[in-house]
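Reader: Please give me a close look at a single part of this model. Start from one pairing and work outwards. Keep it brisk.

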Amino acid sequence: GRIEASIARAAVAPHPLAAALAERRTNRAPYDPAPVAPDQIERVLALTGPVAGARVVLTGRETEAGRRLAAMTLEATEAINADAQMSRDGHVWFRNTAREVAEHRDGVSVATAGLSPMMTALGQMLPPVDAATSGRYWLASTKDQLAGAGGFGWILVDDLYDRAGQIAAGRLWQRLHLAFTAEGLAAQPLNQVPEMADRDRQLGRDGPWGKRVAELAGGGGRLTFAFRFGRPLKAVPHAARRPLEWVDLQGA
């Protein structure tokens, strides 16, 4: 026989993270070093929800794991600065002037580097610096960022170089960053440690970073992404990003 059914328009239910889309940004300025309350961390994790193929670990700045990540991140920053190619490749993404920001609309600019208002103004007026000088500034700012953090975290996958796992890690970070934003918290990637593990692998050398990353992960997976989080002490602007019409979707 004939089956009849009626379909009614359902009320639109906004996603709990939708409002955070317009507010999310990477905050590289100092955070309140006081620990984030456990109930707020629980709300962040609940808002994030599970992402198949990736897992997140959050820890306080003063825990053993937090101190170990901070020390390793500082050491990895120094190692990247000492690697001429890595230092140069990172430097080309830094935008010194408003003209460079308007031209490229990507990378990190002076305005979004988390500097003081005076240093931000001076940085946009002074001549561009070379990679070595930029590296010294980066190391100094990394020290401040590590000291000014409410906590640290990292994302784990089963296989660092499995494409599905890499996409899952990216999806988890996007949701996690939105959840931090929804809770009034700031977050910033600090990927120097996994980058050095990748560099050892790229060069085929028996470096220490792969082993150290594994030790930090503690057997729960492979650490592919690290970050800090906390209560922001300073508002920062959105970074410039390329408009959609600049992206060749057909050639991607």
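**Strand β5 and its surroundings**

Author: Leu58 stands opposite Gly153 in β5. Take that pairing as the way in. The model is a predicted one. Strand β2 covers residues 55-60, and β5 runs over residues 151-157. The two pair in the antiparallel sense, over six bridges. Now turn to another partner of β5. Gly153 also stands opposite Phe227, in β7. Strand β7 spans 222-232. β5 and β7 are antiparallel as well, with seven bridges between them. So β5 has pairings with both β2 and β7.

How many of the seven residues of β5 are buried? Seven of the seven are, so the strand is largely enclosed by the rest of the structure. The cut-off for buried is under 20% relative accessible area. Look at the directions of the residues next. Gly151, Gly153, Ile155 and Val157 point one way from the strand. Phe152, Trp154 and Leu156 point the other way. Both sets are buried. For the whole protein, 37% of the 252 residues count as buried.

Now step past the end of β5. Asp158 lies in the loop between β5 and α7 (163-182). Its side chain meets that of Arg55 in a salt bridge, 3.2 Å from N to O. Arg55 is in strand β2. The two residues are 103 positions apart, so this pair links distant parts of the chain. Asp158 counts as exposed, at 63% relative accessibility. Arg55 counts as partly exposed, at 32%. Side chains of opposite charge can pair when their charged atoms come close.

Go next to Arg61. Arg61 sits in the loop between β2 and α2 (64-82). Beyond its neighbours within four places in sequence, the contacts of Arg61 include Gly151 and Phe152. Both of those belong to β5. Leu146, Ala147, Ala149 and Gly150 are also among its contacts. So are Pro33, Gly66 and Arg67. Two polar contacts of the Arg61 side chain can be named. One reaches the backbone oxygen of Ala149, at 2.9 Å. Another joins the side chain of Glu62, at 3.1 Å.

Follow the chain into α2. Glu64 forms a salt bridge with Arg68, with the closest N and O atoms 3.3 Å apart. The two are four residues apart in the helix, which puts about one helical turn between them. Glu64 is exposed, with a relative accessible area of 57%. Arg68 is partly exposed, at 30%.

Asp83 follows, in the loop between α2 and α3 (84-91). Asp83 forms a salt bridge with Arg199, the closest N and O atoms being 2.8 Å apart. Arg199 is in helix α8 (residues 192-203), 116 residues away in sequence. Both partners are buried. Elsewhere, salt bridges that share partners join Asp39, Arg43 and Glu183 into one network. The count of salt bridges comes to 11.

Last, the wider setting. The protein has nine helices and seven strands. Of its contacts with a separation of 6 or more, 84% are between residues 24 or more positions apart. The C-alpha trace spans about 80 × 45 × 45 Å along its principal axes. In the segment after β7 lies Trp246. Trp246 is partly exposed, at 44%. Together with Leu244 and Val247, it makes a nonpolar surface patch of about 320 Å². Glu245 and Arg61 are 42 Å apart in space, C-alpha to C-alpha.

Definitions and conventions: Residues are numbered from 1 along each chain as its sequence is written. This is a predicted model: local features need pLDDT of at least 70, side-chain atom pairs count only at pLDDT 80 or more; totals for chains, interfaces and linings use all residues. Side-chain values use heavy atoms; hydrogens and water are left out. Patches are made of residues with over 30% relative accessible area and no salt bridge: like charges are joined within 9 Å, nonpolar side chains (Val, Leu, Ile, Met, Phe, Trp, Tyr) within 5 Å. Accessible areas come from the Shrake-Rupley method with a 1.4 Å probe; for residues, only the protein chains shown count as cover. A salt bridge is a side-chain nitrogen of Lys or Arg within 4 Å of a carboxyl oxygen of Asp or Glu. Buried means under 20% relative accessible area, exposed over 50%, partly exposed in between (1.4 Å probe, protein chains only). Contact means heavy atoms within 4.5 Å. A polar contact is a pair of N or O atoms within 3.5 Å; within protein, one must be able to donate a hydrogen and the other to accept it, and residues adjacent in sequence count only if both atoms are side-chain atoms. Two strands pair if DSSP finds at least two bridges between them.
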